[in-house]
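Got your viewer open? Load the model, switch on the residue labels, and follow along stop by stop.

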Amino acid sequence: MSLHRIRVGTASWTDPSLIQCKRFYPPGCTSAEGRLRYYASRFPLVEVDSSYYALPSARNAHAWVERTPDDFAFNLKAFRLFTGHQTPAKALPRDVQQALAGHFATKKNLYYKDTPAEIRDLLWHRFENAVRPLRDAGKLRALHFQFAPWVTRSARAKDHILECQQRLAGYHLAVEFRHRSWFEGEAANDTLAFERAHDLTHVVVDEPQGFDNSIPTVWAVTSPKLAILRLHGRNAATWNIGGEAASDRFNYDYSDAELGDLVAPLRETAGQVGETHAIFNNNYGDQGQRNAATLQALLDGA
């Protein structure tokens, strides 16, 4: 099967633990350009995660276009303020920090609901301007909105999702929920119907179960354009640990048997959409890259 139909890749290509393990990049491959070129020689897809932590830049987007093959694909995570997450001053551009100095004098974080309208407009404008080079080059498949665990199923939350879509007219949005209310009982049908009605890609997740901030693996297609499977690992013990490094949370090495179980549903999904993505977000050392290569080989063999 062509990997242009099912693309396999990882979330990020510069995770600190990946670089430190020295098992993926060859010796001497130490520059930002060299790493992306090497990664793109191994996989046809990557998810940009740095855009969650701070606004992306058009300069970087232009560089990513130039450093990857013509048929390479990107998904890009939305900035944290847009997905309901707490946003510290250091995550914001300097001029915005200064404009909100009064807010941060008494509060540690900024939330979207508390952001002045003119600042919202400015940040949306800058975000869109930064990702446009990827879209114009035909390499951007989706803007990935992974909503905060406290964004529960509600009319207000749905309205915010539609605002995100309206702010980014001309872009395709993928939605990943992190509160079980979206998929409990009959809520699952309502959530999928909402996504279908607005051509939003439902992100299928593989993650630990039994937590308020985890959702079940729901294989469903909600947009004819794109389907996404995002694999967080199955390490329940680390799912809700604190700490700075995401690689500590998503420390999980999929077995060949576990990856083999994904081949049939991925193939079935691929028959319903233009393109299907499998993105490994388990990112301790080279786990994601090794697991992605294995799944890629299993799909080729199937």
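A quick word on naming before we start: helices and strands here are DSSP runs, with at least four residues for a helix and at least two for a strand, numbered from the N terminus. By that scheme, Thr115 sits in the loop that links strand 5 (109–110) to helix 7. Keep in mind that this is a predicted model.

**Stop 1: Thr115.** Select Thr115 and show its surroundings. Its relative accessible area is 4%, so it counts as buried, the cut-off being under 20%. Setting aside neighbours within four places in sequence, you'll find Thr115 in contact with Leu81, Leu110 and Arg120.

**Stop 2: the big core.** Nonpolar side chains tend to be buried together in soluble globular proteins. Here the largest nonpolar core has 87 residues. To see the members that touch the most others, select Trp64, Leu76, Phe82, Phe127, Leu143, Phe145 and Leu295. Now colour helix 7 (residues 117–136): with six residues, this helix gives the most to the core.

Zoom in on Leu143. Leaving out residues up to four places away in sequence, Leu143 touches Leu76, Phe127, Val131, Leu168, Tyr171, His172, Leu173 and Ala174.

**Stop 3: helix 4.** Trp64 takes us to helix 4 (residues 58–66), where Ala61, Ala63, Trp64 and Val65 are buried. What covers them? Show helix 2 (32–42), strand 2 (45–48), helix 3 (50–53), strand 3 (73–77) and helix 7, which are included in that cover.

**Stop 4: Phe79.** Move on to the loop between strand 3 and strand 4 (87–88), and pick out Phe79. With a relative accessible area of 0%, Phe79 is buried. Which residues does Phe79 contact, leaving aside those within four places in sequence? Light up Ser51, Tyr52, Tyr53, Ala54, Leu55, Thr87, Ala91, Leu92 and Phe127. Then draw a C-alpha to C-alpha distance from Phe79 to Gln146: they are 67 residues apart in sequence and 9.5 Å apart in space.

**Stop 5: the aromatics.** Phe79 also belongs to an aromatic cluster, so select the rest of it too: Phe82, Tyr112, Trp124, Phe127, Phe145, Phe147, Phe177, Trp182 and Phe183. The model has 23 aromatic pairs. Take Phe177 and Trp182: their ring centres are 3.8 Å apart and their planes meet at 15°, so this pair is stacked. Both residues are buried.

**Stop 6: Thr191.** Stay with those two rings and add Thr191, which lies in helix 9 (residues 187–197). Thr191 is in contact with Phe177 and Trp182, as well as with Arg153 and Phe183, not counting neighbours within four places in sequence. Is Thr191 buried or exposed? It is buried, at a relative accessible area of 0%. His202 is eleven residues away from Thr191 in sequence, and 9.1 Å away in space, C-alpha to C-alpha.

**Stop 7: His160 and a pocket.** Last, go to helix 8 (residues 155–167) and select His160. At 17% relative accessibility, His160 is counted as buried. Beyond residues up to four places away in sequence, it touches Phe82, Tyr112 and Phe147, and those three are part of the aromatic cluster from Stop 5.

Now turn on the surface to find the second largest pocket, with a volume of about 380 Å³. Of its 14 lining residues, Gly84, Lys113, Val151, Arg156 and His160 lie nearest the centre. Colour the lining by type and you get six nonpolar, five polar and three charged residues.

Definitions and conventions
Residues are numbered from 1 along each chain as its sequence is written. This is a predicted model: local features need pLDDT of at least 70, side-chain atom pairs count only at pLDDT 80 or more; totals for chains, interfaces and linings use all residues. Side-chain values use heavy atoms; hydrogens and water are left out. Buried means under 20% relative accessible area, exposed over 50%, partly exposed in between (1.4 Å probe, protein chains only). Contact means heavy atoms within 4.5 Å. On a 1 Å grid over the protein atoms alone, a cavity is a set of points where a 1.4 Å probe fits but cannot get out, and a pocket is an open set with protein on both sides within 12 Å along at least five of seven lines; lining residues have an atom within 4 Å of a point. Grid points are joined across faces, edges and corners, and a volume is the space filled by probe spheres set on the points. Ala, Val, Leu, Ile, Met, Phe, Trp, Tyr, Cys and Pro count as nonpolar, Asp, Glu, Lys and Arg as charged, and the others, Gly among them, as polar. A nonpolar core is a set of buried Ala, Val, Leu, Ile, Met, Phe, Trp, Tyr and Cys residues joined through side-chain atoms within 4.5 Å. Rings of Phe, Tyr and Trp (its six-membered ring) pair if their centres lie within 6.5 Å; planes under 30 degrees apart count as stacked, over 60 as edge-to-face and the rest as tilted.
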